[in-house]
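Open the model in your viewer and keep the sequence panel beside it. The tour below goes from one selection to the next.

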Amino acid sequence: MITQAKTLRELIDRPGPVVSLGVWDPFSAIVAEQEGFELLTIFGSITSWAMLGKTDTGYITQTEMVDTARRVMQCVSAPVIVDCDDGFGDPINVIRTVNLVEQAGVAGLYIEDLSRPLRCSALGDGGMISSDAMVQKIRAAVEARKDPDFFIMARTDAYEGADEMVVRAKKYVEAGADMVLVIGLMTVEDMKKVAAEADVPLATLQAARTKMPFIPTKDVADMGY
């Protein structure tokens with residue numbers, strides 16, 4: 001059987017970048033798929049705004065994100081990745097998060113190394129847990145998945161600078177993450193530096209009205225993302 005996770009890995013193995021569009025409910029996912037996007041990501045930030053009318057600082061719960069994933073999965077065939085914040089707790093909570101999200105049938109998830117209250121570095125005024133604490137979460141996630149194709153991403157933010165981001169990206173892949181999502185780099189030069197020096201599979205985020213450079217997809221891909 002071809003699973004969503006297997007399809008995602010085949011997409012990533014193709015030449016060129018894979019662009020995922022952020023969605024927050026079945027309708028937005030249907031529209032994204034109809035517009036030709038081959039990969040969808042359920043973002044906690046816009047899910048929080050749509051569901052609660054509040055910014056994404058950890059309001060959304062594990063139950064709410066898993067429920068959103070199940071409803072989206074009923075409406076689209078494109079692979080779906082779920083934003084799972086910090087795994088919704090410590091490594092024990094991460095295990096349950098992976099179990100529930102995988103049961104929903106999606107392609108994968110990502111967890112982040114932000115400290116609570118969660119605050120994306122693209123917006124500022126937040127912080128991070130230690131890289132060692134994050135490694136324990138990644139290892140728990142990898143051990144918890146049933147399907148070896150289930151895609152596990154680790155997200156790291158730029159609160160401690162590009163050099164630390166390189167160190168963390170390498171460490172997280174060594175711990176078992178399939179890819180690292182890097183967020184909050186403020187200059188194109190820092191984006192290039194992390195891509196060149198980390199030398200691991202990387203993704204990044206393009207979002208208007210944040211502190212991050214908003215540049216063409218081809219340019220991002222040429223850097224190595």
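With which side chain does the side chain of S20 make a polar contact? Select S20 and T41: their side chains make a polar contact at 2.7 Å (a pair of N or O atoms within 3.5 Å; within protein, one must be able to donate a hydrogen and the other to accept it, and residues adjacent in sequence count only if both atoms are side-chain atoms).

This is a predicted model, in which local features need pLDDT of at least 70 and side-chain atom pairs count only at pLDDT 80 or more, while totals for chains, interfaces and linings use all residues. Residues are numbered from 1 along each chain as its sequence is written, and side-chain values use heavy atoms, with hydrogens and water left out.

Stay on S20, which is found in strand β1. Helices (H or I, at least four residues) and strands (E, at least two) are DSSP runs, numbered from the N terminus. The S20 side chain also reaches the backbone oxygen of L39, at 3.2 Å. S20 is partly exposed, at 26% relative accessible area (buried is under 20%, exposed over 50%, partly exposed in between; 1.4 Å probe, protein chains only).

Next, select strands β1 (residues 20-23) and β2, which pair in the parallel sense over four bridges (strands pair if DSSP finds at least two bridges between them). Within this pairing, G22 stands opposite T41 in β2. Now show β2 (residues 39-42) alone: L39 and T41 on one side, and L40 and I42 on the other, are all buried. In a regular strand the side chains alternate between the two faces of the sheet. Add β3, which runs parallel to β2 and is joined to β2 by three bridges. L40 has V80 as its bridge partner in β3.

Move to D85, in the loop between β3 (80-83) and α5 (91-103). D85 is buried yet has no salt bridge, and R116, the nearest side chain of opposite charge, is 4.9 Å away. Here Lys and Arg count as positive and Asp and Glu as negative; His and the chain ends are not counted. A salt bridge is a side-chain nitrogen of Lys or Arg within 4 Å of a carboxyl oxygen of Asp or Glu.

For a salt bridge, select R9 and D178, whose closest N and O atoms are 3.1 Å apart. R9 lies in helix α1 (residues 4-13) and D178 in the loop between α7 (162-174) and β6 (179-183), so the pair ties together parts 169 residues apart in sequence. Add R145 and D149 to display the salt-bridge network that links them with R9 and D178.

Finish at R168, which is buried at 3% relative accessibility. R168 forms salt bridges with E160 (3.7 Å) and with E164 (2.9 Å).
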